[in-house]
Amino acid sequence: MKQFRPYRFPPLAQFTPPPSLRNGAHGGVQVDSAQWQASLSEGFEQGQREGYEAGLQRGQDDGFEAGRSAGTEQGREEGRQEVLAGFEHAARPVDAMLKSLKKLRADYRAAQRKEVVDLVAKVARQVIRAELALQPVQIMALVDETLASMPPTREEIDVFLNPEEMRRINELDPKRAKRWNLIADARLEVGECRIKAGDSEVDAGCHQRLAAVMEQVDNQLQAADTGDEAESEE
């Protein structure tokens, strides 16, 4: 808003009438002193009134313009906030629906991935079971591999096997079976094997190895799903 400097009229005591009026004469006409003062006061009041009205009008115009600009800006901001609030309110059900669809798709892919992993594991178990049925001594290769990864020991090595599997190993490869102390354990399934060397005992069977492989397969499938989801969101 513009700043205005108030105008102060000079005091009447400082007013010096023209020489023609000093003696109460004007153009040969005698002017009464009271009339002169009245005219002077009327002129002063008129000037003050006109100055006041002009200042008031200008102040009103400037104030109106400033108020209009401020009101327009405020109204625009309030309108924008109302539109945003309305949009968020309207988009809330859509967001919830998209979130539900995303969760549904993630659940579907997880179930699909689990089916694939279970199927692969089932096929792998059947292949391992068939292979061990034909060549049960192959589990001895797992024993060799496991012992190679263990610290060397002078203690006696005990190898726990399924009773039927141990019987067939003794029949098919008795020389190799005598390298360790084979112990039948009915709790072990075919293909399972535990090795005890001193205070150390490890699982050298097929199931834990297959479980580790299936975990890697599941992680790779999950990583592929995550990549597909990221591409679909872009």
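Let's step into this predicted model at helix 4 (residues 163–172), which lies across strand 3 and strand 4 and runs at about 145° to strand 4. From here we can widen the view and then return to the strands beneath this helix.

The chain has six helices and six strands. If you read along the sequence, they come in the pattern α-β-β-α-α-β-α-α-β-β-β-α. Of the 234 residues in the chain, buried ones make up 18%. Among the contacts with a separation of 6 or more, 66% link residues 24 or more positions apart.

Now to the sheet. Four strands build an open sheet, in the order 4-3-5-6, and their pairing is mixed. Strand 4 (181–184) and strand 6 (200–203) are the edge strands, each pairing on one side only. From one strand to the next, the twist averages 20°. As a bit of background, strands of a sheet pair through backbone hydrogen bonds, either parallel or antiparallel.

Strand 3 (157–161) is a good place to look more carefully. With strand 4 it pairs in the parallel sense over four bridges, and here Leu-161 stands opposite Ala-184 in strand 4. With strand 5, strand 3 pairs in the antiparallel sense over five bridges, and Asp-158 stands opposite Lys-196 in strand 5. Strand 3 is also mostly covered, with five of its five residues buried. Ile-157, Val-159 and Leu-161 point one way, while Asp-158 and Phe-160 point the other way.

Moving on, strand 5 (residues 193–197) is joined to strand 6 by four bridges, and these two strands run antiparallel. Follow the pairs across: Ile-195 stands opposite Val-202 in strand 6, and Lys-196 stands opposite Glu-201 in strand 6. Lys-196 is thus a handy landmark, since you have already met it opposite Asp-158 of strand 3. Strand 5 and strand 6 form a hairpin with two residues between the strands, where Gly-198 takes a positive phi near 65°.

A second helix meets this sheet as well. Helix 3 (residues 138–149) packs on the sheet and touches strand 3, strand 5 and strand 6. The direction of helix 3 makes about 40° with that of strand 5.

What about disulfides? The count comes to zero. To see why, look at Cys-193 and Cys-206: the closest cysteine sulfur to that of Cys-193 belongs to Cys-206, 8.8 Å away, which is too far for a bond, because a disulfide needs the two sulfur atoms within 2.5 Å. Cys-193 counts as buried, at 0% relative accessibility. Cys-206 also counts as buried, at 10% relative accessibility.

Finally, turn to helix 2 (residues 33–134), which has 102 residues. Helix 2 reaches 146 Å from its first C-alpha to its last, close to the 152 Å expected at 1.5 Å a residue. As you trace helix 2, pause at Ala-91, where it bends by about 35°. A proline, Pro-93, follows within four residues of that bend. Ala-91 is also one of the buried residues in helix 2, together with Leu-40, Arg-113, Val-117, Ala-121 and Leu-132.

Key: Residues numbered from 1 in each chain as written. Predicted model: local features only at pLDDT ≥ 70, side-chain atom pairs only at ≥ 80, totals over all residues. Heavy atoms only, no water. Expected span 1.5 Å × (residues − 1). Bend = angle between axes of the 7 residues up to and from the residue. Buried < 20%, exposed > 50% of the residue type's maximum accessible area, 1.4 Å probe, protein only. Pairing = 2+ DSSP bridges. Axes fitted to C-alpha atoms, helices over the stretch in contact; angles between N-to-C directions. Contact = heavy atoms within 4.5 Å.
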